[in-house]
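Biologist: I should be grateful for a close look at a single part of this model. Please describe the place where the two chains meet, and then the chain that offers the surface there.

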Amino acid sequence: MASVEEKVKEITSKVTKVPVEKIELENAFAADLGADSVQSVELVAMFEDAFGITLDEDEALNVDTVGGAIEYITKVCAEQDVKTE
Amino acid sequence: MTHPLIERTEPNLLEDTFEYSLPPRILFDGPLVEYIEGKPVQFEPKEARSRDLVISDTTFRDGQQARPPYTVDQMVRIYDLMSKLGGPSGIIRQTEFFLYTKNDRETLDRCRSLDRPYPECTGWIRAVKGDFRLVKEAGLKETGMLTSCSDYHIFNKLKFSSRKECMDAYCDVVAAAFEAGVRPRCHLEDITRADIDGFVLPFADRLMEMSAGVSEELSVKLRLCDTMGFGLCYPGVRLPRSIPKLVYKLNRECGVPSDRLEWHGHNDFHKVHANGLAAWLYGCNAVNTTLFGFGERTGNPPLEAALIEYIALMGDTRGIETRVITELAEYMRSIGLPIPGNYPFVGKAFNTTRAGIHAGGLRQDERIYNIFDTEKLLGRPPRVAITDKSGVDGVAIWVNELFGLTGNDRIKKTRIHALARWVMDQYEVEGRLTAISDEELEEKARELLKDLWAKYKGNA
C-alpha cells in the first residue's frame, strides 16, 4: 500500500505534468508546480477519490504546498477513520 | 490633515446608501449651490423630494421618430405595460400621441378605452391654429406644440422676419388653444442654443400673463427641449447650456411653477440621463423620457433609468412595478427593437460577469458584483458568462444556476472540475476566441456531469 506522500506526489505529478521524482515537499502547487485554478480543484477532487475522504473545499484549496497537503490529508484521514500507512 | 484608520473587525457595508433591496440611495450633504448673476442661490434636494416629481413619456412621438412606425396593437400593448409599470400614483404621469393619421387616432382611442388613470394621454401638434381641431376632436385636455426658440429655428428654419413676429404667431396659437379649452404645452425647442434673455424669458413672461387670464387647468406648461443635447448639468456653466440657470430663470424669475415645467433631453453628448435628474433637482417636476431611450438621433432620457433614479432619490418604490421593465424589454425585443447586451437594467448581459475573480466574489456574496437585488427588482439574478477568464468559480456559478441550486445546496467546485477543464482546454488547447454559449455548455454538462445531471435534471 502506497504511503500518503507517495500518493500525493503521484496525483500531483499526474495533474501538473511535473515528473514525480522532481516534486519536493516544500514545492508550492501554484508557484513551483504551475497549477492553475482548475488544476487546484482537480487536485482536491483526486485526493478525495484516492483516499476515500471528504475535504472541506475552502480549507483544502488554502493548502499551498505538497508537504502541507500530506499533513492535511493525514489529519483528515485520521478524523474520518480512514487507514493510511 | 491626517486620516487615522478606523479599525473594525466586521464590515461596514454602508447600507444606509447601499440597501441592497433598492437602487442605491442618492443622499446629499446639503443644498446644491449655483451662482446666478454672481450671487449664490441654493437649491434644496429636500424641497425637490417634496415636489410631485413625475416622468412623462414620448415613446410614441419622439421615440417613434427614430424607427419604423409601431402598429396600433403594439402601441396599445406598450401603453398597457407602461401603465402597470408606473403604478397607481402615476409616476409615469403622461404620454403623448401624434394626431395626424387614422392610425394615430385609433391608437389613442384604444389606449383610452383601457381606462387606465395613468399615463394620461396628451397630443402633439404643430403650432398651427388649425391643428387644434384635431385635439378637440380627439377630446384631449392637453397638447404639446412646437414653439422653437433659438434663432436657428426662428430665422433659419421657420423664416420669421423678426423675433416679435415669431412670438406673436406663437401667442396666437396659445390663444387659440385657450379658446378651444385645451391646455397648451409649449415645447421650447432648441432652448440650449437660444438667446435666453432676448427671447425665451420675454416669451415665458408673455405666456404667464396670458395664463393669468385663464383657469389653472388651462394655464400654459413649458417643456424645455434640449433638442441637440447641448445642456449641461454641472454648476457654473454659462447660459444657454446651463440646466440649473435655465430652470431657475423660468421657475423663479418668470414664476412658472415647477408643476408646469418639464425637461426634454437628447443624448448627443451622453448626458441625457444625468441632465434629466438635474432638471428635477433644480425645479422641473417632469422629466420627459422614452422607453429604453429610443428617440430622434441619439435618443432621449431612458424612461426605465428615470424610474430607477426616482426610487434612488425618494428611497422607496412608491408603487412602481420595477419588474415590468424586464417585461417591456422582452416585448420590445420581440417586435424588433434592438437592445444592446450591455444596456443598463435590461441588456442581456447587464449583470453578467465574465472575469473569474469577479465570479469568485459573486459566489461568496452576490452584492459584491451586483448593483442591487436585480432578481427582486427586475427578475434578473446576476449571471456569469463563460470564457477563459471565468475560472472554476465562474463555471461553478453557471452550473448551480443551471440546476437552480442556492445556499447550502450549491454544488462544490470539486464536483464540476471536469467541465471547468473542458472550458479551459477550449481556449488553451483548441485556441478558441469566443465566449461559450449556454447551449454549448449545457450539452457538455450533460456529458461530463452525468450524475449531477441525472439528479437535478432527470431525463431533461
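Modeller: In this predicted model, the contact draws on 14 residues from chain A and 11 residues from chain B. The size of an interface is often given as the accessible area lost when the parts come together. By that reckoning, about 1000 Å² is buried between chain B and chain A, and carbon and sulfur atoms give 57% of this area. On the side of chain B, B:T414, B:H417 and B:R421 supply 48% of the area that the chain buries against chain A, which is more than any other three residues provide.

The partner, chain A, has four helices and zero strands, and its pattern along the sequence reads α-α-α-α. A compact globule of 85 residues would have a radius of gyration near 12 Å, and chain A, with 12 Å, therefore agrees with that expectation. Its C-alpha trace spans about 30 × 25 × 20 Å along the principal axes. Within chain A, 45% of the 85 residues are buried. Of the contacts in chain A between residues at least 6 apart in sequence, 57% join residues at least 24 apart.

As to the surface of chain A, the accessible area comes to about 4600 Å², and 48% of it belongs to carbon and sulfur atoms. Chain A carries 7 positive and 20 negative charges; the mean positions of these two sets lie 7 Å apart.

Key
Residues numbered from 1 in each chain as written. Chains lettered and ligands numbered in written order. Predicted model: local features only at pLDDT ≥ 70, side-chain atom pairs only at ≥ 80, totals over all residues. Heavy atoms only, no water. Helix = DSSP H or I, 4+ residues; strand = E, 2+ residues; numbered from the N terminus. Rg over C-alpha atoms; globule rule 2.2 N^0.38 Å. Buried < 20%, exposed > 50% of the residue type's maximum accessible area, 1.4 Å probe, protein only. Contact = heavy atoms within 4.5 Å. Areas by Shrake-Rupley, 256 points an atom, 1.4 Å probe, with all protein chains shown as cover. Lys, Arg positive; Asp, Glu negative; His and termini not counted. Charge placed at Lys NZ, Arg CZ, Asp CG, Glu CD. Buried area = accessible area lost by both parts, 1.4 Å probe.
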